[in-house]
Amino acid sequence: MKKMLILGAGTAGTIMANKLAGALDRDAWQITVVDRDGEHHYQPGYLFVPFGIYSPRDIVKPRRDYLPRGIDVIYSGIDVIDPEKNQVRLTDGRLLGYDYLIIATGAHPEPGETEGLEGEGWRRNVFDFYTLEGATALSRFLKHWEGGRLVINISEMPIKCPVAPLEFAFLADWWFTERGIRNKVEIEYVTPLPGAFTKPKAAELLGDFLDRKNIHLTSEFAIGSVDSAANKIVSWDEREVPYDLLVSVPVNMGDAAIARSGFGDELNFIPTDKHTLRSQVSDNIFVLGDATDLPSSKAGSVAHFQADILFDNMLAAIDERPLPAKFDGHANCFIESGFNKGLLIDFNYDTEPLPGKFPLPGIGPFSLLEETKMNHYGKMMFRWVYWNLLLRGAELPIEAEMTMAGKRR
């Protein structure tokens, strides 16, 4: 019996488990999935929790309900991966062997990486929203906040869902307007990037959105520390930004098991071939989703497109054939802009977001780089698609490779 081992049952690992369970001979292959606990979180939903749009029960479901029957599921932390022995040791001491290993252990916010972030203000007037605990704590705080200086700060790139901090700023503008206290709230968006986003054309457009919503942009701010006593963040070049409420996107890092295994980069992301998704650690180890060191976005759409590519390459690797599929860095992200409107961007390694219609050229119904109500509806409908189709590995009407059809230069 050959062994296929998948580490991580988030978006990427769950999609791969479902795809492989439907393709591999159950009499010849044992599929095992390992994750730390039995809860699957719809992480794009964290953004909406502080504003009361989603509650925790909307975004947390039993992990086992979304994994295929007939595979082994183990709930445990991962201690160390030993590529020389084709073996993984779990934190409970168990040893798991494998013929092929897929690492989909994701990325996680690490507030302890920034000096002072977890100081006396943590969860009092300093919050994150990239965890369920942080998002729910911020929700309780916002219900009673009467206004002041709100600072939204990205500690360091890369981060999961790089448009989420912008969406938080736009939703905050909408939320305070709806509550009738927008004139009492000053919003500042503080980023280490030179503009509002990683891609120049989108950065220009989104920077204009910040201006129109009276949200001040402070760029190229590399945070060095948080001074909770004085309510200010301080950059390495000694610039200071005061706050009454700080919403932080902490440093994102890969799983600590990658560091213990000795093959991650400084942020515990795994060196990975940008097209085949084969690791640079060993030919029988592949990497998927946020765990890679690729220059693509760390987003659910990317995990979905990568899974389509890796599925073809994994079957080829098993048959000892050349890997046929090439990931092009495709990412597709709705951006909630508040007031029941949204934008959509579609890009890859080589082509930055362009205007146009998506997915049907000239028809849409979604508009690229344009604020519409339909884009908002697409964003809100995606939660249903995620739970009912995407996680289960179903075919969706969007190709893994980005197409130029419908786009305008």
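1. In this predicted model, strand S1, helix H1 and strand S2 together make a β-α-β unit that is right-handed. The two strands of the unit, S1 and S2, pair in the parallel sense over 6 bridges, and within that pairing the bridge partner of Leu-5 is Thr-32 in S2.

2. Strand S1 is also joined to strand S9, by 4 bridges, and these two strands run parallel. Leu-5 takes part here as well, since its bridge partner in S9 is Leu-101. A reader who wishes to follow the pairing across the structure may therefore start from Leu-5, which is partnered with Thr-32 in S2 and with Leu-101 in S9.3. From S9 the pairing continues to strand S20 (residues 285-287), to which S9 is joined by 3 bridges, with the two strands running parallel. Leu-101 stands opposite Ile-285 in S20. Are the two faces of S9 covered or open? Both are covered, with Tyr-100 and Ile-102 buried on one side and Leu-101 and Ile-103 buried on the other. As a matter of background, side chains in a regular strand alternate between the two faces of the sheet.

4. The helix of the β-α-β unit deserves a point of its own. Helix H1 covers residues 11-21, and 11 of its 11 residues are buried, so the helix is largely enclosed by the rest of the structure. Among these buried residues are Thr-11, Gly-13, Asn-18 and Lys-19, together with Ile-15, Met-16 and Leu-20.

5. What covers the buried residues of H1? The cover includes the strands S1 (2-7), S2 (29-35), S3 (39-41) and S9 (100-103), and it also includes two helices, H7 (300-318) and H8 (373-390).

6. The packing of H1 against H7 can be described in some detail. Their axes come within 9 Å and cross at roughly 35°, and H1 passes H7 in a right-handed crossing. On the H1 side, the residues that meet H7 are Thr-11, Ala-12, Ile-15, Met-16, Lys-19 and Leu-20. On the H7 side, they meet Gly-300, Ala-303, His-304, Ala-307, Asp-308, Leu-310, Phe-311 and Met-314.

7. A reader may also wish to look at Val-49, which lies in the loop between S3 and helix H2 (56-59). Is Val-49 buried or exposed? Val-49 has a relative accessible area of 3%, and so it counts as buried, the cut-off for that word being under 20%. Leaving aside its neighbours within four places in sequence, Val-49 is in contact with Tyr-54, Ile-59, Ala-135, Thr-136 and Ser-139. Of these contacts, Thr-136 is 87 residues from Val-49 along the chain, while the C-alpha atoms of the two residues are separated by 6.3 Å.

8. Elsewhere in the chain, 3 strands form an open sheet in the order S6-S7-S8, with antiparallel pairing. Strand S6 (78-82) and strand S8 (95-97) stand at the edges of this sheet, and each has a single partner strand, so one side of each is left without a neighbour in the sheet. From one strand to the next, the twist averages 20°. Strand S7 (residues 87-90) is joined to S8 by 3 bridges, and the two run antiparallel; Val-88 stands opposite Leu-96 in S8.

9. Another open sheet of 3 strands has the order S15-S16-S17, and its pairing is antiparallel. Its edges are strand S15 (223-227) and strand S17 (240-242), each of which has a single partner strand, so that one side of each is left without a neighbour in the sheet. The twist averages 20° from one strand to the next. Strand S16 (residues 232-235) pairs with S17 in the antiparallel sense over 3 bridges, and the bridge partner of Val-234 in S17 is Glu-240.

10. Finally, a remark on the annotation. An unreviewed UniProt entry lists residues 3-138 under "domain: FAD/NAD(P)-binding". Over residues 3-138 the chain is 16% helix and 32% strand, and the C-alpha atoms at the two ends of that stretch are 43 Å apart.

Methods. Residues are numbered from 1 along each chain as its sequence is written. This is a predicted model: local features need pLDDT of at least 70, side-chain atom pairs count only at pLDDT 80 or more; totals for chains, interfaces and linings use all residues. Side-chain values use heavy atoms; hydrogens and water are left out. UniProt positions are given in the numbering used here, feature names are shortened, and annotations may be inferred rather than shown by experiment. Buried means under 20% relative accessible area, exposed over 50%, partly exposed in between (1.4 Å probe, protein chains only). Contact means heavy atoms within 4.5 Å. Two strands pair if DSSP finds at least two bridges between them. Axes are lines fitted to C-alpha atoms, for helices over the stretch in contact, and angles run from 0 to 180 degrees between N-to-C directions. A crossover is right-handed if, with the strands pointing away from the viewer, the path from the first strand over the helix to the second runs clockwise. A crossing is left-handed if the near helix is turned anticlockwise from the far one by less than a right angle, and right-handed if clockwise.
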